[in-house]
Amino acid sequence: MTALLEIEEYRLAFDSFDGSAAVLDGIDLTIEAGSTLGIVGESGCGKSVLARSLLGLNPSPPARVASGQIRFEGRDLLTLRPAAMRALRGRRIAMIFQDPASYLNPVLSIATQMEDAIRGQDAAAGGAVRARRAARAHAHSLLGSVGLPDPARLLASYPHQLSGGMRQRVLIAMALAGDPTLLVADEPTTALDVTVQAQVLALIAELVRDRGLTLMLISHDLGVIAAACARIVVMYAGTVVEDAPTRALLEHPLHPYAQGLIAAVPDLDRPEITPRGIPGSIPSLLSPPSGCRFHPRCDRATARCAAEKPLLRELLPGRRVACHHATP
Amino acid sequence: MDRGLTLYLARRIGLAGLMLFGLICLTFVISNVAPSDPAALAAGPDAGRSQIEQARREYGLDKPLPEQFLRYVGDLAQGEFGRSIATGRSVGTDLLRYLPATLELCILAMLIGVLVGVPLGVLSAVLKDGPIDHVTRIFAVSGIAMPPFWFGLLLQLAFATGLGWLPTSGRLSVMTLPPDPITGLMLVDAVLRGQWDVFREGLSYIILPAIVLSFPCLASILRVNRGEMVETLRADYITAARAHGVTPWRMICVHALRNAMLPTLAIIGLRWGWMMSSTVLVETVFDWPGIGLYAVSSAIAGDFKPVMGVTLIVGLNFMIASLIVDLLYGVLDPRLREG
Amino acid sequence: MILPRRLRLAIFLLTRSFASMLGIVLVTVILGLALLGPVIVPYPDHVAGGIDLANKLQSPSAAHWFGTDEVGHDILTRVIIGARLSLLVGIGITLAAAAIGVPLGILAGLVGGPVREAIMRLTDLFLSVPGLVLAIALVAALGPGIVNAMIALILVWWPGYVRLADSKALSIRAEPYIEAARVAGAPTFRILWRHVLPNSLSPLIVKMSMDVGQAILAVASLGFLGLGAKPPTPEWGAMISIARGYLPEWWWYAVYPGAFIYAAVLGFNLLGDGLRDILDPRSHRG
C-alpha cells in the first residue's frame, strides 16, 4: 500500500489577544490509500482543526501554520495556491460534518446547494461546467445512492423540512458529488439520535467499501471509531499520543491517556464495572504544560515527563506511542 | 400551512390598523395640547375676538373633545385633512400635489442606497479588517453623522455654483414645461411620453438631492449588510459550501448574501420610512416642491393642519413599509413560510 | 503595574481601531472646546452681540481663521461657543429621554402583564412616526424655539430607551439566577438594583453615546429649518440657516459650523461604535 496522506511535524497556532495557542503541536501521521483511520480525543484536542487543515478551511487569522507539511498524493497542501486547493475540494478530498442542521444553508433548496457544489467543482477543475439540469440529474442519482427515497421531492425541499438523519445523508451525498478519494468525516454522528447514528455509520462503511474510499473519521466516541476504522490515532491537547491498529489498541493500550479513554467507556456486557474518568481537565493551550502535555493528569508522571517532551516512537511493529514510560 | 400564513397576515394587518388609529390619536392630541389657540390661528392673525369665536364655531372647536375627535376621524376617513391657512387650499389637495415629487426623490435615493450600500457591505465583509473595510466604516458612520442640509449645501457649492455642472435647486427649470402627468413621477412620465430632453433635465435637478437623501440610508444598509455578512461568512454552512467546492463568487453572492439579506431588508424598510422624514431637510435645501418643504414652511408659519397632514402621511408610509417588510420576510425565509 | 485582563483587552480593542481612536479624539476636542470655550475664544465680545459692521463677511485670515459673519462676528468664536450649547442640549436631551424611558422599560419588563402591554403600545405609537417629522409636528404645535425643540426631541427620544430597557429586563428575568432570587423571596426592587441595571448598562452606554451625537444633529436640523434656536444664538444649525443666504460668495460662513456638527456627531457615533466593540460580547468573536 502507498501513503495517500502524510502529515509531518505539523504545527498550527491560533493567535489571539491573550497570546498564541499551539492548537496542533507537531502532528505526525500517515493514511494509506484505501485504509480507514479514526482519530479520537476529547473535544478541544485539535482533531477537528486537523481535519479542516486538509481542506484549508481554518480561517486565517487567527489560524497560523507554524511549521510542517501535509502531503496529499505527493503535494504539500499547506503551500497550495487557493485555486489549486479549490480544485481538490470535493473532487479529491471531501468532508462531512458534525451537525447537519447547521451545515446546510437554511434559505436555499437542497437542489440549489447540490447543483452549486457540483458546478463549482466543475469550474475549479477547469473543465466544462455542467448545465444546471445535468447537475441536478447527478444530484438526483447521488441522493438515491445514499439510500434516500424520492430524490425528486427531496431536491425541491429546504433543510428544515428534513429530519436529522436525512440531512446527514444529504450532506454525505454532496460529499460524494465529485467522486473523491479521501473522505474526511468530522463527528458525523454526534448530533444524531442513537438509532440514526448506527444507520449513518453503516452507510459510511458501505460507501467506503463500495467506492474504495480512504476514510479519516474523527470522533470523541471510541465506539464509533472502533466500529468503522481499522486503525486509531489518539490525540491529546494537540499532539498524537498513540497510533495503533484498532484491535491492538482496544485490547492493550500503551499510552496512559489511551488507557484512561478505554477505561472510561461503559461496558454494556459488564455493568458491574463502573467506568473510570480521567482526573483533571484538558490544559489551556495558551500555556500548555511543559514536557509531556498529559503529565499533570498522569499517575505515572515523573520529573522527566515535566521536563522532556516524549517523542512518538515505534514501540512495537505498526504501533507508535509518545510516552517515556510505555513498555511493550 | 396556508392557514398559518393567513393567520400571520391577518394578525399583522390588524396590528397595522391599530397603529394607524394610534397615530390619528397622537396627531389629535398634539393639535390639542398646543398652547396656541387653533381658532385664533384659523381666523388669521388680524382677526378680532368675534371673528375668532365665529371660527371656533365654524370648525366645531367649541364642542367637547370626544366629539371633536370623532369629527376629526370622520374627516380623515373622507381624505379631509383640514385647510391650510397659507395656501388657502385643502390640505388633502396640497398633499396630493406635493407627494409625487417626494416619492420620486425617495425612490431614486433608495435605489442609490441599495445599489451602492449592499455591494459595499459585501465587499467590506469579505475584506474584513483590510484597508477598504476601514475606509467604508468611516464612510458609513459619516453617512449617519453628516448633517444632510450641510452636505447638500456643500454639493451645491461644488457641483452647481462651483463647477456649474448641475442646477442648484428646484425640480425643473421654469422655462421647461413638465410632461403631462401619468404617474406623477416626472422622470417616469418624461420617459413614458418620450420627452428625453425633459428626462435629462429632470435628472440633472434630482441627482444632488437624491444623493444627499440617500447617504444616511446607504450608510445604514452598508453597516447592517456588512455586519450580517461577517456573521454569515462564519456560519457552518458556508464552511460546508467551501468544503464542497462551491465557487467563491457564488458562495458570497448567493449562499451568504441570501441569508444576510433578511436583516438588510428590515433596515431597508425602516430606512424607507425614515427617508420620507429626512426630506424635510433635503427639500428645504434644494427647494424641492415636496411634502417636506410643505411641512417646514407651514410649521414656520404656525400653520399646523398641513404639518399634521404630513405627519400622518409619513407615519402611514412608515407603517406600510414595515408591513411590507414583514410580509417579504415570510416569502424569503422558507422557515417562516409555513408559519 | 499590571492591569486586569478586561481593561487591557478594552484598551487593546480601542487602540487597534483607527475609527475608535478618531472618535475619542473628536469627542475629547469637542468636550475641551465646550469646557474652555469662553476662555479660549479670540473675540469674547462677539458671543453676546458686539456688532462690528466694519469687519462683516471677511474671508478667513490670520485675525479671523474662519472669517466673519454678516454683522462682523468672528465665526471661530461663535462656532466654539456653539459647541458648548450643542453639547449641553445633546446631553440634556439624551439624559432626559433615558431618565423617562429606562424606568418605564424596566418596569414593563419586570412586571409584565397589562402594565407592560400599556407601556409598550404607547412606545410603539411614538415610534410609528419617524423622529424628525414628529419633532416638527410638536414644534409646530408648541411654537419654535430652542426649549420647545428640546422638549419635542425628548418626547421623540424616550421610547427607544423603553424598548432597550424592556428587552434587557425581559431577557434577564428569564435567567435562572433571577428565578432563583425570586423563589428565594428577594423583593423586586432589589432584583432590579442588583441584576437588571448592571446588565443593561453596556448597551445603555453605547446607545447614549450615539444618541448624544444624533440629538446634536437633530437640534441643528431644527435650528437650520428655523424651528429651533433663533439667531443670533450661536447655534450651529441656526448659523447655517442664516449663512445659506450668503452662498456661494461667502461660503466659509456655512462651511465651518457644518464641519463642527459633522465632527461632533461623527465623534460620538465612532465612540459609541468603539464602546460597543468593547462592551458587547457578540463582537468579541473575530
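Which residues touch the most other members of the largest nonpolar core? Select C:Ala135, C:Ile136, C:Val139 and C:Leu153; these four do, in a core of 265 residues. Keep in mind that this is a predicted model.

**Stop 1: the core**

Stay on C:Ala135. Hide its neighbours within four places in sequence and look at what remains in contact: C:Ala152, C:Leu153, C:Val156, C:Ala218 and C:Leu222. C:Leu153 is thus both a contact of C:Ala135 and one of the four residues that touch the most other core members.

Now switch to chain B. Select helix H11, residues 248-286. This helix supplies the largest share of the core, with 18 residues.

**Stop 2: chain C as a whole**

Colour chain C by secondary structure. You will find 11 helices and zero strands. From the N terminus on, the order of elements is α-α-α-α-α-α-α-α-α-α-α. Along the principal axes, the C-alpha atoms fill a box of roughly 75 × 55 × 30 Å.

Chain C has 286 residues, and 48% of them count as buried. Next, consider its contacts between residues at least 6 apart in sequence: 69% of these join residues at least 24 apart.

**Stop 3: the side of chain C that touches chain B**

Show chains B and C together. Here 41 residues of chain C are in contact with 44 residues of chain B. On the chain C side, select helix H2 (18-40), helix H5 (113-127), helix H6 (131-142), helix H9 (188-225) and helix H11 (252-279); each gives two or more residues. Which helix gives the most? H6(C) does, with 11 residues. Colour this side by class: 30 residues are nonpolar, eight are polar and three are charged.

**Stop 4: a loop in chain C**

Go to C:Ala63. This residue sits in the loop between helix H3 (45-48) and helix H4 (75-111) of chain C. Is C:Ala63 buried or exposed? C:Ala63 counts as exposed, because it has 12 C-beta neighbours inside 10 Å. Then draw a C-alpha to C-alpha distance from C:Ala63 to C:Ile40. The line should read 14 Å, for two residues 23 apart in sequence.

**Stop 5: helix H11 of chain A**

Finish in chain A. Select helix H11, residues 256-263. Its buried residues are A:Pro256, A:Tyr257, A:Ala258 and A:Leu261. What do the buried residues of H11(A) pack against? Select the strands: E3 (36-40), E9 (231-236) and E10 (239-245) of chain A are among the partners. Add helix H9 (222-228) and helix H10 (246-251) of chain A to complete the set.

Key
Residues numbered from 1 in each chain as written. Chains lettered and ligands numbered in written order. Predicted model: local features only at pLDDT ≥ 70, side-chain atom pairs only at ≥ 80, totals over all residues. Helix = DSSP H or I, 4+ residues; strand = E, 2+ residues; numbered from the N terminus. Buried ≥ 20, exposed ≤ 12 C-beta atoms within 10 Å, placed from the backbone. Contact = placed C-beta atoms within 7 Å. Nonpolar A, V, L, I, M, F, W, Y, C, P; charged D, E, K, R; others polar. Core = buried A, V, L, I, M, F, W, Y, C linked by C-beta atoms within 7 Å.
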